[in-house]
Amino acid sequence: MTKGMIIQAQPGGLMEVAMLDDFFTRALLAGIGVAAVAGPLGCFIVWRRMAYFGDTMAHSALLGVAVSLLLSLNLTAGVFAVAALVSAALIILQRRRALSSDSLLGILSHSTLALGLVMVAAMSWVRIDLMGLLFGDILAVSKLDLAMVYGGGVLVLAALIYLWRPLLAGTVSEEVAEAEGLSPRVSQFAFMLLMAAVIAIAMRIVGVLLITSLLIIPAATARRFAATPEQMAVMAAFVGILAAVGGLFGSLNYDTPSGPSIVVAALVIFLISMAPLRNRALKGGQKP
Amino acid sequence: MLDASRTAAPLVSLSGAGVFRNGRWLVRGVDMTIRPGEIVTLIGPNGSGKSTTARMATGILKPDEGSVSQRAALRIGYVPQRLAIDRSLPLSVSRLMRLTGPTPHEKIHTSLAAAGVAHLENAQVHDLSGGEFQRVLLARAIAQEPDLLVLDEPVQGVDFNGEVAMYELIGIIRDRVGCGVLLISHDLHVVMAATDTVICLNGHVCCSGSPENVAASEEYRSLFGARAAEAVAFYRHQHDHTHLPDGRVKHADGSITEHCHPEDGHHDHGHDQGHDHSGAAGRANGGGHA
């Protein structure tokens, strides 16, 4: 819809280029915004060993899409709500201790994904780009999405900064944080809501199946260069931005799906980051 | 120290406090008071309710019976049993010191120095040995200028000499900072010597009082059996000298002689403690440089 307006505004010959520029610029901006938020948040997922948890929440996003289509809700709101519900369900089930977290995550992760896929397929009256949902679609990024990425992103980052101390203290030791008057449980729950928010806004760009990698790979890359948690968070944001930009250009050039392209770019940066460290280790090893 | 602390208002007091979980009492009927400058030790077998009692004192657990009252705006410094910090988390010692609250740089430095680990300020926590890490954790807790220092088995994974040094250090810090100390321990020997009041738990308070009284009590002996007698012996000889494996005697000032001196305090505790602390400060620093 917005594309139409822009085509009219441009003089004839430049029409296609301008249109391309516009959706690609939007995709780039969205990718940068998502990566800047996913990096710092992803650090906590790495530190707390919550990778599988992140995956589960991300997979539940498809169920969120199906539910919001069924009830004609806003897609982002629906995805956020379902992801938050799934994480709450997980916390409650974990307290019962009937099954290990591992098994619970496995059950929730794949059943929400399957449920979402079945529901989406069953709703024959809605046309839906399943591939776009699963792997991300740069073409799908509207101006509203962009506003959502930046508006939501700023809120998430602000909340993360506010929660930083109790969250980090709770990551190092829940006991210490609790005894010294912080409330690690409250901040942990808030953190899960932030994750649900990031999944809701990142889904369009990287797709449901690959969101977790955008959280984890930049953080893992930053680990090798950071001396403090704060450094790691900032570096993870920049690594993520680099991956988003590189991946989206790759996606444009080779006509590959945007999500996997960004993840491949992140992987390449991760692999490159390992090389100098290995050299350094070798040099260190040569010394007596 | 003790006389002054008897008159001061208590930091924490529990009266008849108990916690009920999953159909049973984890601990009940606990009476405990910790005043500024006082070292209170909870001892007892595993599952006797030591940690539960400590968690009531810190306010993490609400008692299901009895009451717990904390002095208003009580600052607690907590030294956990152990910390498993994931290697993916880059954490320098100086950053760990600021974990739960903003801490000025001088405070970080003096606290690390007080624990004898000033040289580790820029090290990564993953590179520390067990003993170094325990000292850093202690430094972290005191850097928060706590009114009450709570230590949950602070000598796990520390060798025997480290254990002695650790308890001496806790005594020194108590003297310097003037905070109350709540120690949790299941090992009897060293901790008995370094404490003002011992509370012996086994689901309830078996006995409590000065370490001498507790060590001599019937309940204590029946709870710990042969180990109890050992602890009594150790307690009597601990304060200012250590018997080395070869039979010689190491004194608090570091000198080594063939036998105990007649003036070595086996019984006169008031005198011994002063003696002990000055010597321990030297030893703690020495250990830090090693």
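Here is a short back-and-forth about a predicted model, covering confidence in chain B and one helix pair in chain A.

Reader: What makes helix 11 of chain B the low point for confidence in that chain?
Author: Its mean pLDDT. Helix 11 (residues 269-289) of chain B has a mean of 38, the lowest in the chain, while helix 3 (residues 93-97) of chain B is highest at 92. The scale runs from 0 to 100, and chain B as a whole averages 76.

Reader: Which stretches of chain B stay under 50, and how many contacts do they have in the model?
Author: Residues 235-239 of chain B are under 50, with 15 contacts beyond four places in sequence. Residues 262-290 of chain B are also below 50, and that stretch has 43 contacts beyond near neighbours in sequence.

Reader: And what about the scores for the model itself?
Author: The ipTM is 0.79 and the pTM is 0.78.

Reader: How do you describe the packing of helix 4 and helix 9 of chain A?
Author: Two packed helices are described by the angle between their axes and the distance between the axes. For helix 4 (residues 75-96) and helix 9 (residues 184-206) of chain A, that gives about 145 degrees and 8 Å. Their crossing is right-handed.

Reader: Why is T76(A) counted as polar in that contact, and F80(A) as nonpolar?
Author: Phe is on the nonpolar list, whereas Thr is on neither the nonpolar nor the charged list, so T76(A) counts as polar. Both residues belong to helix 4 of chain A, and the helix 9 side includes M192(A) and L193(A). Overall the contact has 12 nonpolar residues, two polar and no charged.

Key. Residues are numbered from 1 along each chain as its sequence is written. Chains are lettered from A and ligands numbered from 1 in the order in which they are written. This is a predicted model: local features need pLDDT of at least 70, side-chain atom pairs count only at pLDDT 80 or more; totals for chains, interfaces and linings use all residues. pLDDT is the predictor's confidence in each residue, from 0 to 100. Helices (H or I, at least four residues) and strands (E, at least two) are DSSP runs, numbered from the N terminus. Two residues are in contact if their C-beta atoms, placed from the backbone, lie within 7 Å. Axes are lines fitted to C-alpha atoms, for helices over the stretch in contact, and angles run from 0 to 180 degrees between N-to-C directions. A crossing is left-handed if the near helix is turned anticlockwise from the far one by less than a right angle, and right-handed if clockwise.
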